[in-house]
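The following exercises, each with a worked solution, introduce a structure to a reader who has not met it before. Please study the display before attempting them.

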Amino acid sequence: MSEATANKIPVTVLTGYLGAGKTTLLNRILSENHGKKYAVIVNEFGEIGIDNDLIIGADEEVFEMNNGCVCCTVRGDLVRILDGLMKRKGKFDAIIVETTGLADPAPVAQTFFVDEDVQAHARLDAVVTVADAKWLSDRLKDAPEAKNQIAFADVIVLNKVDLVSKPELAEVEARIRAINPYAKLHKTERAQVKLSDVLERGAFDLDRILEIEPEFLSADDGHEHHHDHDHGQHHHDHDHGHGHGLKHYHDEDMQSLSLRTDKALDASSFMPWLQDLMAKEGGKILRSKGILSFSGDDDRYVFQGVHMMLEGDHQRPWKDGEKRESRLVFIGRDLPEQLIRDGFEKVIPS
Amino acid sequence: MPDFNPLQEQESIVSVTDRVVPVAIGAGVTAVHFLGDKAAFVGVEEKVTLVDPAGATSPVEVAFGGILCSTSDGKRIVMGCDDGKVVVLDREGAVSTFATDAKRRWIDSVALHPDGAVAWSAGKTAFVQAPKGEVKSFEVPSTVGGLAFAPKGLRLAIAHYNGVTLWFPNMAGNAEVLEWAGSHLGVTFSPDNKFLVTAMHEPALHGWRLVDGKHMRMTGYPARVRSIAWSAGGKGLATSGADTVIIWPFASKDGPMGKEPAMLAPLKAKVTMVACHPKQDILAAGYSDGTILMVRITDGAEILIRANKGQPVSALAWNAKGTLLAFADQDGDAGLLEL
C-alpha cells in the first residue's frame, strides 16, 4: 500500500438484504475490543440499537453525475457526510457505511471514484455483503437488489448457516458462486466472522490486486475460525465436500466472465478496446478487474472498474519466474459475453 | 524533468510576511469571521478561538462535537453542529443555543439575514426564524446543499439537487424553482439582487438572471468550487477551484454571459479560499500549498502574505473596515495582518 493510500481513511460498505444480519455484524465490529474508533453512517430509517459514539444518519440520495453517463450515479449524501467527517481528522480510524437492504452498492462505490474530495481523504476498502443462508435463494429469484449486492461484493458473509441443512447450504452457495465466483465467502452464525475477514481488505487497492482466481475450489476459505463455536456438523464438510462438489448454476441475469492470455498485450490496442467496451457496455458491467502484461513493459499493469469508471496503474515489476500472463474478470448483468470474448481475441497480438 | 523556473516568482514579489501576527489555533479551522476587530476562528469541532489584533487568543467552547458550517454578520456567528444544534456566539463571547433539530440531525448549512433572521437546514428541510417570529420550515425534494438570503426582503434561496428553490417564508403560496440538472451545493445572491449563482458538485458554477431566469454556465474548473466571494460593489465574483483566482464579471446586466473571466495570481497550486476586500478592488487568495496572496483585481499585482508552507488554506476573511485580514490552514496554523 502506498503511503498516500495508507493515510486515507478506509471505508467499508456493508450491504445485505433486509434481515440478513447487517446490524448484527455491525454491532460485532463495533463491540470487539480492537481499540479502533469507527464513524458509522447508517440509513436514517435503519435499525436501532447501534452502540457507537459517531453515528450519522444518511438519506441514500442517489444522483446522476452531469457527465452524460447514465450509469454514473453517486450518493450525494455520502459526499456531504464524508466532507464533514474528513475535517475531523484523528477522531476516528475508519468509516463503515451501512446501506439499506434495497440499496444498489454501485452509487456508493462510484462516489469514491468520481468525487475528488472524497478520493483525497478516503478510500473504499471493500463491499461486504451479508446474506441470509435460509432466504437468499428466494431473494435472488424475486429481488434484483439482492442479486446486485452479491454480484458487487468483495466479501460475502453467508449468515445463519445454522438454520439450513447441508444440501440447502450447498445450494445457496452454488447460487452465490453462479453470480460472483470471486468474492471471499465466509459462512457464519450470528455474523460471527473474524474482523480481519471483513475490514482492511484493500479490495479496491490496486496495489493489492494480486490474484484473481475464482473461489469455486476454495469455497471454505477462512472458516477455520468457526470451529470453536461448537455448532455441530454443518461446516465440517471439507473432507467430504469434494464428493458432491458444488452444483454449477447459471444465473439468468447476472454472470461473470474471465479472460486470459499468455501473449503480451499491446497497450496501444488493448487500452482503447477496454475503454470503448466500458463506455458502451459499462452499464451492464458491475465490476471489472485485471492484471495485464504489456509488451515492452516490465511492470504488471493492474486495473479495476465499477461500471464505466476505470482506474489503472503500474503495480510492480514482474518477478523472476512469475508467469507473465494477462487475466481479466468481469461481473455483470446480461453480460455481453461473446462480444467481450471476441473483442479481447482481436486485441491479442497474433 | 526537474522544474526549472528562471523567474523565481516567489522571491520577486513584494512580501509582507514579516508583518503577519502568527496565531496557533491548535486544531483544524474551517472558517474565520470578524466580530468587531476580533478574529473568530471556527474550529472543526468544539471551539471558536477569538483573537485580538495583537494576537492574544481566548478559546470559547461552543459545541460538544463537530461544527459543520458557520456564517456571520459581524455582530454574531451562527454555527450548525453535528448534534443538531444551531449555536450563536455574540460579540461579548456569549454562547447560546438558537435551535435544536428534533431528530438531532446534522445542521448542514446556515445563513444570516441583514435584518437578523437566521436560516438553517437539516436533511431536506430549510428553517427560518425572523427576530421575534416563529420558526418556519420548507421541505425541498432532496437534501439542502446551501442557503442564502436575498439582499432585499425575506427571501431564502435553497440549493438542492437539480436546482434552487426561492422561498418567501412570510408568504403563503408556492415557492419559485430555478432548475438546472445536477447537484447544487453552495448558493449566493449578487449584492444587487440581480443574479443567483450556485457552486455545483461538478467543477462548475451555475447562474440565473433573476429577472428572466436566463441561465449562465461557468465551467472549465479543474476542481470543485468551494469558495466564492463578491468583489467590492458586486462587480465580480471571485472563485476558488483553479490554479488561478477566477473572477467572473457581473457589472453589466448580462452578467458573465458571453464573457471571459479574469484569471489572476497563477501558482503551481490550487486556490482553496478567496476573500474580497469590503471596499477596494483587492482580494486575498489562499492556496492548497499554504500560500496566501493579496491581489489587486484591476491589474493582478500581487503581495505575498504567507509563503508556500503548511497545509491548504481553509479560512480567510477581512474585517468590515478592510483593515484586518485573518487566515488559517487546515492544521490551525493561523495569522492576522493589519493593513
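**Exercise 1.** How do the residues of the lining of the second largest pocket divide into nonpolar, polar and charged?

*Solution.* The model under study is a predicted one.

Step 1. Sorting the lining of the second largest pocket by class gives nine nonpolar, six polar and 16 charged residues.

Step 2. The volume of this pocket is about 800 Å³. Its lining counts 31 residues, and those closest to the centre are Asp53(A), Leu54(A), Ile55(A), Ile56(A) and Trp106(B).

Step 3. In chain A, strand 2 (38-43), strand 3 (54-58) and helix 3 (76-86) each contribute at least two lining residues. Strand 3 of chain A has the largest share, with four residues.

**Exercise 2.** Determine how much area chain B and chain A bury between them, and which residues of chain B lose the most.

*Solution.* Step 1. The size of an interface is often given as the accessible area lost when the parts come together.

Step 2. Between chain B and chain A, about 2000 Å² is buried, and 44% of it lies on carbon and sulfur atoms.

Step 3. On the side of chain B, the most area is lost to chain A by Glu45(B), Trp106(B) and His201(B), which together account for 28% of what that side buries. Trp106(B) is also among the residues closest to the centre of the second largest pocket.

Step 4. In terms of contacts, 30 residues of chain B meet 22 residues of chain A.

**Exercise 3.** Describe the polar contacts between the two chains and the side of chain B that takes part in the interface.

*Solution.* Step 1. Twelve residue pairs are in polar contact between chain B and chain A, both residues being at pLDDT 80 or more.

Step 2. Strand 6 (57-72) and strand 16 (176-189) of chain B are the elements that give two or more residues to the side touching chain A. Strand 16 of chain B supplies the largest share, four residues.

Step 3. By class, this side of chain B consists of nine nonpolar, eleven polar and ten charged residues.

**Exercise 4.** Why does the salt bridge of Asp117(A) and Arg224(B) join two chains?

*Solution.* Step 1. Side chains of opposite charge can pair when their charged atoms come close.

Step 2. Asp117(A) and Arg224(B) form a salt bridge with an N to O distance of 3.4 Å. Asp117(A) belongs to helix 5 (residues 116-121) of chain A, while Arg224(B) sits in the loop between strand 19 (214-218) and strand 20 (228-230) of chain B, so the pair joins two chains.

Step 3. Asp117(A) also forms a salt bridge with Arg226(B), with the closest N and O atoms 3.1 Å apart.

Step 4. Between chain B and chain A there are eight salt bridges; over all chains, the structure holds 38.

Definitions and conventions. Residues numbered from 1 in each chain as written. Chains lettered and ligands numbered in written order. Predicted model: local features only at pLDDT ≥ 70, side-chain atom pairs only at ≥ 80, totals over all residues. Heavy atoms only, no water. Contact = heavy atoms within 4.5 Å. Buried area = accessible area lost by both parts, 1.4 Å probe. Salt bridge = Lys/Arg side-chain N within 4 Å of Asp/Glu carboxyl O. Polar contact = N/O pair within 3.5 Å; in protein donor to acceptor, adjacent residues only side chain to side chain. Nonpolar A, V, L, I, M, F, W, Y, C, P; charged D, E, K, R; others polar. 1 Å grid on protein atoms, 1.4 Å probe; cavity = no way out; pocket = protein on both sides within 12 Å on 5 of 7 lines; lining within 4 Å. Points joined across faces, edges and corners; volume = space filled by probe spheres on them.
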